[in-house]
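I opened this notebook to record what I looked up in a single protein chain. The entries follow the order in which I took up each topic.

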Amino acid sequence: MSQPLLSLPIDVLDIMTKTMPMALFNRLETQCTAISLLNAGISNLNIKLSCDDGDKVLRVNQRHSNWCDRTLEIECWHTAIAAHIAPTLVWVSDDNQLYLSEFIHQPNIDWSIFSAINSYSSLQNGQNKPILSVDAVPLLTTLFSTLITLPAPSKSITVTEQWQQYAQQLDLLSSSQIAPQWHDAWQQLLRLNGLIRHWLSQLEACMLLPAFCHRDLTPHNLLFSGGKSNQLFCIDYEYAVASHPLFDLASVVASHQLSKTQVNQLIDNVIRQYCQVASLTDVAAAKAALPAAMNCFWLFSAMWALLMAAKEPQKATKYLQYFTHYFTLITC
């Protein structure tokens, strides 16, 4: 009889057989009817295990992704599971390289269709059209109403500290870089320093307390279950920390294809929720600071790409392309 589980990569199977409880491995071996690649990202790849007792996702974290705090990621994931906005985590390997979780079916719509190719900047020019098959605003509003109530993670980082950390790492790496394109990108970032300080000041001025922050709520990290639950689930908690509460809203607005009306509705709904739980001082100041938060979202994405270009020179061309894309989305 065919055993699809055994067609997994040898190194993955080795970890599973050595560290997974025998009963769980035997059940997977018996119940798994097919495996298929869901996606392969920079820091991990996800494999779907089609099983008679319920489909699952096997996530393989790349060994080079040591910039991720896996212990914190799992902590934040469990927090989200308790609030019923994340897939159930079934098993984690001892070295945190493998995760086995529930598979969330998206029977009606793949939420990634909301991905805005040209970002929020194109909305200002009226280029994006809303996706009419589902009203995203109530679903996103409900998701935020839960995120807002989550306990803050054990690690906290302000947007200013994040910028400083990235800038210090890039400065240290700059002396060892020989590619002119890398240095051109670094100079582009340095020329923004005055504006960046202004954005950070705006954000810090309207925050009272740090909150649970996923920090990467793009459409590719949200799943729409449909059916009875009819809700959004968050995945990939690699960047989650306690941070500025506006950052998650900024990442959604920046990365989702929504109409101007939808954007305004979502901003109003979520910021009022934040203010009600005392994370922000007042509605007007928070709304005024949101463009700064969105610029910081793309800024940090660009700085991360430049860091990766320096740390993985064999993939530098790809990461520099990412940098250029993210940098052009900053609205100065």
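Entry 1. Glutamine 97.
I took helices and strands as DSSP runs, a strand having at least two residues, numbered from the N terminus. I note at the outset that the model is predicted. With that convention I placed glutamine 97 in the loop between strand E4 (89–92) and strand E5 (98–102). I then asked whether glutamine 97 is buried or exposed. Its relative accessibility is 8%, and because buried means under 20%, I entered glutamine 97 as buried. I also listed what glutamine 97 touches once residues up to four places away in sequence are set aside: Ile15, Arg59, Val60, Asn61 and Arg63.

Entry 2. Aspartate 55.
I turned to another loop residue, aspartate 55, which is found between strand E2 (44–51) and strand E3 (56–61). Its relative accessible area is 18%, so I recorded aspartate 55 as buried, the limit being under 20%. Which side chain does the side chain of aspartate 55 meet in a polar contact? I found that of histidine 105, at 3.4 Å. Histidine 105 also appears in the contact list of aspartate 55, which leaves aside neighbours within four places in sequence. The other residues in that list are Lys48, Leu49, Ser50, Glu102 and Phe103.

Entry 3. Salt bridges.
I looked up how many salt bridges there are, and the count came to twelve. As background, side chains of opposite charge can pair when their charged atoms come close. I examined three pairs and one network.

In the first pair I examined, lysine 18 and aspartate 14 meet through their side chains at 3.3 Å, N to O. Both belong to helix H1 (residues 10–19), and because they are four residues apart there, about one helical turn separates them. Lysine 18 counts as exposed at 63% relative accessibility, whereas aspartate 14 is partly exposed with a relative accessible area of 33%.

Next I took aspartate 53 and arginine 27, whose side chains form a salt bridge at 3.6 Å, N to O. This pair links distant parts of the chain, 26 residues apart: aspartate 53 is in the loop between E2 and E3, and arginine 27 is in helix H2. I recorded aspartate 53 as partly exposed at 38% relative accessible area, and arginine 27 as partly exposed at 41% relative accessibility.

I then checked aspartate 268 and lysine 287, where the N to O distance of the salt bridge is 2.9 Å. Here again distant parts of the chain are linked, with aspartate 268 in helix H10 (residues 260–276) and lysine 287 in helix H11 (residues 283–311), 19 residues apart. Aspartate 268 is partly exposed, with 23% relative accessible area, and lysine 287 counts as partly exposed at 34% relative accessibility.

Finally, I noted a network of salt bridges that links Arg59, Arg70, Glu73, Asp236 and Glu238. Arg59 is also one of the residues that glutamine 97 touches.

Entry 4. The cavity.
I searched for cavities of 30 Å³ or more and found one. The largest cavity holds about 30 Å³ of space. Which residues line it? I listed Leu24, Arg27, Leu28, Gln31, Cys51, Asp53 and Lys56. Arg27 and Asp53, both in this lining, are the partners of the salt bridge at 3.6 Å. Helix H2 (residues 22–31) gives the most to the lining, with four residues. By class, I recorded three nonpolar, one polar and three charged residues.

Entry 5. The second largest pocket.
I entered a space of about 370 Å³ for the second largest pocket. Of the 19 residues that line this pocket, Trp67, Gln162, Tyr166, Arg215 and Tyr239 are the closest to its centre. Helix H6 (159–174) and H11 each supply at least two residues of the lining. I sorted the lining by class and obtained eleven nonpolar, three polar and five charged residues.

Entry 6. Leucine 320.
My last query concerned leucine 320, which lies in helix H12 (residues 316–328). Leucine 320 counts as buried, at 15% relative accessibility. I compared its position with that of alanine 179: the two are 141 residues apart in sequence and 11 Å apart in space, C-alpha to C-alpha. Leaving aside neighbours within four places in sequence, I found leucine 320 in contact with Gln181, Trp182, Leu306 and Ala309.

Methods:
Residues are numbered from 1 along each chain as its sequence is written. This is a predicted model: local features need pLDDT of at least 70, side-chain atom pairs count only at pLDDT 80 or more; totals for chains, interfaces and linings use all residues. Side-chain values use heavy atoms; hydrogens and water are left out. Buried means under 20% relative accessible area, exposed over 50%, partly exposed in between (1.4 Å probe, protein chains only). A polar contact is a pair of N or O atoms within 3.5 Å; within protein, one must be able to donate a hydrogen and the other to accept it, and residues adjacent in sequence count only if both atoms are side-chain atoms. Contact means heavy atoms within 4.5 Å. On a 1 Å grid over the protein atoms alone, a cavity is a set of points where a 1.4 Å probe fits but cannot get out, and a pocket is an open set with protein on both sides within 12 Å along at least five of seven lines; lining residues have an atom within 4 Å of a point. Grid points are joined across faces, edges and corners, and a volume is the space filled by probe spheres set on the points. Ala, Val, Leu, Ile, Met, Phe, Trp, Tyr, Cys and Pro count as nonpolar, Asp, Glu, Lys and Arg as charged, and the others, Gly among them, as polar. A salt bridge is a side-chain nitrogen of Lys or Arg within 4 Å of a carboxyl oxygen of Asp or Glu.
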